[in-house]
Amino acid sequence: MRSLWTPGAALIVLALWPARVSAQGADPAAAFTGDVHASAGLTCTACHAAQAPGSYTAPPRPAIAPLCATCHSDAAYMQRFDPQVRVDQFLQYQTSAHGRRMTAGETRVATCTDCHGAHGVTRVRDARSPVAPLNVTTTCARCHGDPARMEPLGRDAAPPADWAASVHAAALLERGDTSAPTCAACHGSHGATPPGITSVANVCAQCHLREAELFRASPKKDIFDAIGQAECLVCHNNHRIEPPADHWVGVQEGAVCAPCHDASGDSARTIGAMREALDRLAGGVAAADASLARAERAGMLVDEGRLALRAAREQQVQARVLVHTFAAEPFGAAAADGAAAARRALDAGEAASRELQVRRTGLGVTTLLIVAFLITLWVKIRRLPELPS
Amino acid sequence: MPARGHGRKWPISGLSACRRRGAARLGVQKFPHRPKNSSTFLSTDCVSLLLHPVDPRNSAPGRRSVVNWLLGLWGGGVCGAVLYPVARYLAPPEVPEAATQSVMAGSAQSLAPNSGRVVAFGSRPAIVIRTAAGDLRAFSATCTHLDCTVQYRPDLQRIWCACHNGQYDLNGRNVAGPPPRPLEAFDVNVKDDQIALSRKS
Amino acid sequence: MSGRIRGWLDERLALGDVIEALRHKTVPHHRYSIWYYFGGMTLFLFGIQVGTGALLLLYYRPSAAEAYESVQFIVTRVPFGWLVRSIHAWSANLMVASAVAHLFSVLFLHAYRRPRELTWLSGVLLLLLTLAFGFTGYLLPWNEVSFFATRVGTDIAAAVPLIGRGIVRFLRGGDDVTGATLTRLFGFHVAVLPAVASGLVALHLLLVQRHGMSVPPSVARRAAEDRGAIRAMPFIPHFLLRDLFAWTIVLAALAALSTFYPWELGTKADPFAPAPAGIRPEWYFLWAFETLKHVPPAIAGINGELIAVAVMAAGALAALLLPFLAGHTAQTRRVVVWAGGAALAFMAIMTGLALAAVAP
C-alpha cells in the first residue's frame, strides 16, 4: 500500500499542477501569513481538513468553490467578521459561465482561487489584490487573453487586448479613474457572463444614462431590436471602445451610419446636416482656441474668451450626446448654441489681438513724437553757444 | 554726442580750479548780478574762467526760436504721450475691483426655492441654489469627475452632472456616479437683493 | 508776468544762490565723459520707479489672497495698467544695470578718491538698496516663480553662522515664505527702503554738487603734460540737454520693451506645490546663485556655502571701504582696476553660465 501511495500522490500533484501554479506563489505557508483568513484566526486545517500536515495538496478544482462557500455563503458565520459582507457569491458563481461549465465537468474554467489567490488572499479593496479595480483586468486576461487557453474552449482571446486599447482602459490606467468599467463592471465578477445582445445596453446605461435614454426614445431602438442588433455595440463596439469622432456621422465609407443608410432619402439629408453642424462647431472651437492661445502667448489675458470657449465645448459635448436622438432637433439647437459661444470666444481672442495692435500703434505714435523731439534736441545741442579758445 | 569743442579748448572745470585759486566754495559766495540781455555766464571771481562771449554765429533770433518752438512742440507731444496714459490709469475702471475673491450672482428675489443658477466666478463657473426650504447655497460648478459644468435638478433636489450622471447633494458632497470629490463650497451673502458669492476664507 | 512770479518766489524761497551756482557749474569734457551720464540715468530710472510704483499702489493689494488677482486686475482691467506695470518691471532691471555701470565706471575712473569718499560710500549703499528694492519687489506679484525665487534667496541667509536663522526669520516674517512675508517685504519695498534711499540720494546729490565731477588721473596727467586746460562744458544747458537726450531715449526704450515684451503674469503661487524645475532669481542675483551651486559642500571642513557667503560679504565690505583702502597712489589704483576687472569678469561669467544652464 505504502509503495503505491507515493506515485499516486505524485500523479495527483502532477495532475493538479496547473491549478497549483496559477493560484499559489512560491511558498504557500509564507504567503498565508499575509492572508486575510490568517488574520481572522483560521489555519491550514480550515481548508485542508481531511489531509495530514506536511502533505497538503490542493482540493480538486470542482470542489474548490463549494469549499469556499461553506463559510462565505453562511450569513450567520460571515457576520462575525464583516456585518455588511455579501454571501451570495457562490449562488452568482453557479449562474456564471465559469460556474455552469465547471458543474458540467469542464475544469479548465475559473474558480475562486484562480482570481482571489489561494494562500495570500487579501480584501478586494486592498490595492495588492488581484481583483482590486486596477488589477482585475490583468487577472481576467491571464486566461481570456491567452490563445492557448481560449482556443481549446472555443473562445476568442482578443477582448482583453481590445479593452486595453479602449477609452475605458485609458481612463482607468492612465488617469486612475476607478469609476471606469473593468471586465467585472460589465460582465459581473462572481456571476461573470457576457451580457446578452438585448441587455448589453443596460450595462452601458449604468454610466451613460443620457445617451441610453435618448436612444431608447428614438426610432432606432425598435429598429435595432427588430433586426437583432445590440444597441450601443453597433456603433461603439463592446471591448475596443474608441473615442467617438465627428466623422463617424455620415453616409460615406467608414462612417457608422453607412452600413444601413445610403446617400439617398430623407435620412441621408438629416445625417448630412448633423455632420455639417458637428464639423462647423468643431472648426469654430478650434479657431477660437487658436485665437485665444495667440492672444495669451502675446501677453494678453482673455478670461471671458476662455469662459465662452468652455461654454462652447460643453455645448459640443451636448450636441454629440444629442446625436443619439437621431433627429435634427434638439441636436440643431445645441450645435447652434455651441457655434454662437465659439464665435464669442473667437471675438474675444480677436479683440485681444486688435488691442495688441492698438498698443503697437500707440507705441509707434509715441516713438515718432520722441524721435522728432530727439532730432530737434540734437539740433539745439549742436547750436549751443561755444566757448572761445 | 555733438559739440566736441569744435577745435577749441574749454577751460578747466569748475570747482577744482576754484579751489586751486583759493576761491570761495560754490554757493556760499554771493555772485554779482548778471547784466541783462546777455545769454552768457558772467562773474567776477574765479568762475570767470568760464566767461565766454556769445558766439555771433548762433545769435540769429529767428533760427533759435524756430528750434525752440519745435522743441516745445515735440516736447509737449512727448509730455502728452506720458500724461495721457497716466490720466486714463487714474480714472477708476468700469469694474472697480478684481472679481476673483467675490462676485455678484444676480437678483436674490428672482431665484425661486428649489432652483439653481450658474454664473461666472473669475474664469470658472459657479452654481447658486435656493433649496426647497429657502436657504441659499453656492458651489463651484465644475464637476470633479471630468470638468463638465453641473446643473441643479429640481426633481432630484440634487446637483447633477449631465456627462456621466454624477450627483452631488445640497452640501456639495458627491453621492452618486463617478465624481470622486465634493464640490468646493462658497460663502453666500445677500445685499440689496444682490447675491454675492465669495471664496471661503 | 513770469518775471513777477519769479520775483515773488525768489523773495520767499531765496533760490537765487542755488540757481546761480548751477548756472556756473561745469562738467569736464574728455574721452571718458560719457560715463558721467550714468549717475543721472540711474536717478531718472529711480524717478520712473517712484512714479509707476505710486500708480501701482492705487490698485495693488498686499495679501496672499489678493496680490496676484490685483496685479491681474491692473494688467487686464485698468486702462494702461499693462503699460505702468511693465514699465515698472523693465525700469527696475534697467536701473540695476545703470547703477552697476555707474559704480564700475566710478571705480575704473577712480572718482572715489579723496575728497569723494562719502559720495562713494553712499553710492555703494544705494546700489545695495537698489538690489534690495529688486528683491522685495520681485515677490509682490505673488506668482510661482517669484515665490520660489524668494524662498531660495532667503535660504542663502541661513548660511550665516549664529544669526543666520534670525536673519531668515526677519526677512520672511516667520519660518517659511507666507502671506506674512508678502506683507513684510511690501512694507520694506514701499516705505522703509524708499525712506532710506531718499535720504541717501539727497546726500549723494549734495556731495556731487559740492565736489563737482571728478577728473580721471590719466586725463588730468595728460592735460598737465600738454600744459593745457581740461575742456569743460557748462552744466546748463549743454550737459543737461545731453542728459535729457539720453533720458528720452531710455523712455522710448521702456515704452518699446513694455509693448513688445510685456512682463508676464505667471501662475499664482501655491505654497504647497513642489518647486518647478529651473527656479532662479532675477538676473542681477544669478552670479551669486551660480557661484553657490559650484561651491563644494565643504572646504577644509567648513561648510562650503558659508565660505562663499563670507567671501561675497568680504567683497562687499572691500567695495564699501574702497576709498580708505586704495586710490592714493598709481600703484594702488592699478590694483583697484585689476580687482574691479576681475570681479566684473567673474560676475559676468557666472551670469553667463547660469543663463546657459537654463537655455537648453
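Which helix holds both Asp279(A) and Arg275(A), and how many residues apart are they? I looked this up first and found both residues in helix H19 (residues 266–297) of chain A, four residues apart, about one turn of the helix; helices here are DSSP runs of H or I with at least four residues, and strands are runs of E with at least two, numbered from the N terminus.

Before going on, I note that this is a predicted model, in which local features need pLDDT of at least 70 and side-chain atom pairs count only at pLDDT 80 or more, while totals for chains, interfaces and linings use all residues. Residues are numbered from 1 along each chain as its sequence is written, chains are lettered from A and ligands numbered from 1 in the order in which they are written, and side-chain values use heavy atoms, with hydrogens and water left out.

**Entry: salt bridges in chain A.** I searched the whole structure for salt bridges (a side-chain nitrogen of Lys or Arg within 4 Å of a carboxyl oxygen of Asp or Glu) and found 34 over all chains. Asp279(A) pairs with Arg275(A) in one of these, with the closest N and O atoms 3.0 Å apart. Asp279(A) has a relative accessible area of 36% and is therefore partly exposed, a class that lies between buried (under 20%) and exposed (over 50%), with a 1.4 Å probe and protein chains only.

I then turned to Glu350(A), which forms a salt bridge with Arg294(A) at 3.8 Å between the closest N and O atoms. This pair links distant parts of the chain, since Glu350(A) lies in helix H21 (residues 331–382) of chain A and Arg294(A) in helix H19 of chain A, 56 residues apart. Glu350(A), at 32% relative accessibility, counts as partly exposed, and Arg294(A) counts as partly exposed at 43%.

**Entry: a salt bridge in chain C.** I recorded that the side chains of Arg151(C) and Asp176(C) meet in a salt bridge, 3.4 Å from N to O. Arg151(C) lies in helix H7 (residues 144–157) of chain C and Asp176(C) in the loop between helix H8 (164–172) and helix H9 (179–211) of chain C, so the pair ties together parts that are 25 residues apart in sequence. Arg151(C) counts as partly exposed at 22% relative accessibility, and Asp176(C) counts as partly exposed at 34%.

**Entry: a network.** Back in chain A, I noted that Asp289(A), Glu296(A), Arg306(A) and Arg313(A) are joined into one network by salt bridges that share partners.
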